[in-house]
Amino acid sequence: LLSTSKLIFFNKKNSTGPSRWRAIAWSGAAIGLSLGVTMMYVEISYIQSSFMTALSGKDAPGFKRAVLRYAGIIAAAAPLFALSDWVEDRLKLAWRAWLASRLMGDYFGGAAFYRLHLVTAADCAEGGDPAAAVAATVDNPDQRICDDVTEFAESSVALAIGVVSWS
């Protein structure tokens, strides 16, 4: 995660490119919104505490204030939660597009795909283990790169946002 982040944010090749600035903007927005969402959760917990205090003390005006505060915080929090999810998804897309482009460029650049050794059942016809050949076969490496990039981008952004949210 850190080495890939270093590639996208601090790589000389991307130092002036728009993908770097987009990634920085989406990352900053995601971190800021994550902190805002965390603050909303804290405020909601305080309001729920006010509910319980008003109910246990049979304080009708306090209960009404808590209901109004709760309605206000929900009205503010719902769009914030939706915006936060949208920004996180945009960050995942930006990172995935950049990383897929870079890896596919490396894969197709210099005809690297010709040098990739694919083990097939025909390679094991001379007494090798066919099960090992099937297990070692790399089918559609370009598609696997894109699938792995998608999984990596989604899990690493979720991890990073989780660390920011719970710290």
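Here is a short tour of a predicted model, one selection at a time.

**Stop 1: the whole chain.** Start with everything shown as a cartoon. You'll find 6 helices and 0 strands, so reading from the N terminus the elements go α-α-α-α-α-α. Of the 167 residues, 28% count as buried. Now switch on the surface: the accessible area is about 10900 Å², with 65% of that belonging to carbon and sulfur atoms.

**Stop 2: Phe 51 and Phe 63.** The structure holds 5 aromatic pairs, and we'll visit two of them. A pair of aromatic rings is described by the distance of the centres and the angle of the planes. Select Phe 51 and Phe 63: their centres are 5.6 Å apart and the planes meet at 55°, which is a tilted pair. Phe 51 sits in helix H2 (residues 18-56) and Phe 63 in helix H3 (residues 60-108), so the pair ties together parts 12 residues apart in sequence. Are they buried or partly exposed? Phe 51 is buried at 16% relative accessible area, while Phe 63, at 30%, counts as partly exposed. Add Tyr 70 to your selection, and you have one aromatic cluster with Phe 51 and Phe 63.

**Stop 3: Trp 95 and Phe 152.** Next, select Trp 95 and Phe 152. Their ring centres lie 5.9 Å apart with the planes at 80°, so this pair is edge-to-face. It links distant parts of the chain: Trp 95 belongs to helix H3 and Phe 152 to helix H6 (residues 141-166), 57 residues apart. Trp 95 is buried, with 9% relative accessibility, whereas Phe 152 is partly exposed at 26%.

**Last stop: contacts.** Zoom back out to the whole protein. Among contacts between residues at least 6 apart in sequence, 68% join residues at least 24 apart.

Definitions and conventions
Residues numbered from 1 in each chain as written. Predicted model: local features only at pLDDT ≥ 70, side-chain atom pairs only at ≥ 80, totals over all residues. Heavy atoms only, no water. Helix = DSSP H or I, 4+ residues; strand = E, 2+ residues; numbered from the N terminus. Buried < 20%, exposed > 50% of the residue type's maximum accessible area, 1.4 Å probe, protein only. Contact = heavy atoms within 4.5 Å. Areas by Shrake-Rupley, 256 points an atom, 1.4 Å probe, with all protein chains shown as cover. Phe/Tyr/Trp six-rings, centres within 6.5 Å; stacked < 30°, edge-to-face > 60°.
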